[in-house]
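The report below looks at annotated spans, nonpolar cores and one helix pair.

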Amino acid sequence: MFFQLMCGGTCSAEPLTTVEWYLVFTCATVVLSQLPNLNSIAGVSLVGAITAMGYCTFIWVVSVTKGRMAGVSYDPVGGDETAVVSTFGVLNALGIIAFAFRGHNLTLEIQATMPSSEKHPSTLPMWRGVKFAYMLVAMCLCPIAIGGYWAYGQLMPNGGMLAAFYTFHSRDTSRFILGLTTLFMIINAVSSFQIYAMPMFDEMESSYTLRKKKPCPWWLRATFRVMFGFLLFFVAVAIPFVGSLAGLAGGSLPVTLAYPCFMWLKVKKPKIYSPMWLLNWGLGLLGMALSGLLAVGFYVIIDTGIKFSFFNPQ
């Protein structure tokens, strides 16, 4: 999209294929992944956050200011669905929402990089950071969800708000705004890759150190990261429909939230039937019950179907 916008109608250059663009993205992430640890990518994370807020704001502001599309309707798209299918669809949507707030799996990794003492434990600034981060995520996603539903209703294309943004406003919005939005999304994706891949890099290097009883040399560290980046490139090309499984992936979030409750009970051993004992048991059991609904994702996938297109990214 960015290439087409910048090239315009006067450019004679032949655009790359989808797989070739995947390769360009992978090369960019592999180069940036050579930064050694989470502390070193703090600036990358900041740039990723700023660009995420930027493109989210551009998308919903343009969608709302341009007004509702002609013939928009808010009737359910699957009006003939049974109550069971509708219920499972809602539960699958909750999994997608949970996936949008997926930063929880990095909390302990980030906290481990922070200075901590009995007088100034790292839990306090980490908790403030988590609350602030999730507030920003909600500030980005809630306007998109509300504004997009208001502007497009049942006309929302399969690609979501980004597809709607370009489908309905490519002619009435300046090329600068369209290009900047796309560029912000590219920068954010490259930045996010580093943040979510860094725990995997640490795991590979720790495994080597434990097995060999010596530090991981720089050339092997670089090799690990290049291999990991191109392994994900292969997965992206081989299984391009993996985005359809977002609700299924989000269903694992309650498990992550349930375990800390049981860990806290085991470590702290609060008085039985005290408020904190009841609270942690209640949240832990609720989390485990919700994680059991992971099977809901399978039902929705079976019912709605997925266009399996192995090795054929569109």
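The UniProt annotation "transmembrane region", taken from an unreviewed entry, covers residues 41-62, 82-101, 132-152, 176-197, 218-239, 245-265 and 277-302; such annotations may be inferred rather than shown by experiment. This is a predicted model, in which local features need pLDDT of at least 70 and side-chain atom pairs count only at pLDDT 80 or more, while totals for chains, interfaces and linings use all residues. Residues are numbered from 1 along each chain as its sequence is written, and side-chain values use heavy atoms, with hydrogens and water left out.

Two of the annotated spans are set out here.

| Span | Helix | Strand | Distance between end C-alpha atoms |
|---|---|---|---|
| residues 132-152 | 100% helix | 0% strand | 30 Å |
| residues 176-197 | 100% helix | 0% strand | 32 Å |

The largest nonpolar core (buried Ala, Val, Leu, Ile, Met, Phe, Trp, Tyr and Cys residues joined through side-chain atoms within 4.5 Å, buried being under 20% relative accessible area with a 1.4 Å probe, protein chains only) has 17 residues, and Tyr55, Tyr152 and Phe165 have the most contacts inside it. At least two residues of this core come from each of helices H3 (42-65), H6 (123-152), H7 (160-169) and H8 (175-212), helices being DSSP runs of H or I, at least four residues long, numbered from the N terminus. H3 gives the most to this core, with five residues. Apart from it lies another core, of ten residues, including Ile41, Val44, Ile195 and Phe228.

H8 packs against helix H9 (residues 218-238) at an angle of about 130 degrees, with the axes 10 Å apart.

Technical notes. Buried means under 20% relative accessible area, exposed over 50%, partly exposed in between (1.4 Å probe, protein chains only). Axes are lines fitted to C-alpha atoms, for helices over the stretch in contact, and angles run from 0 to 180 degrees between N-to-C directions.
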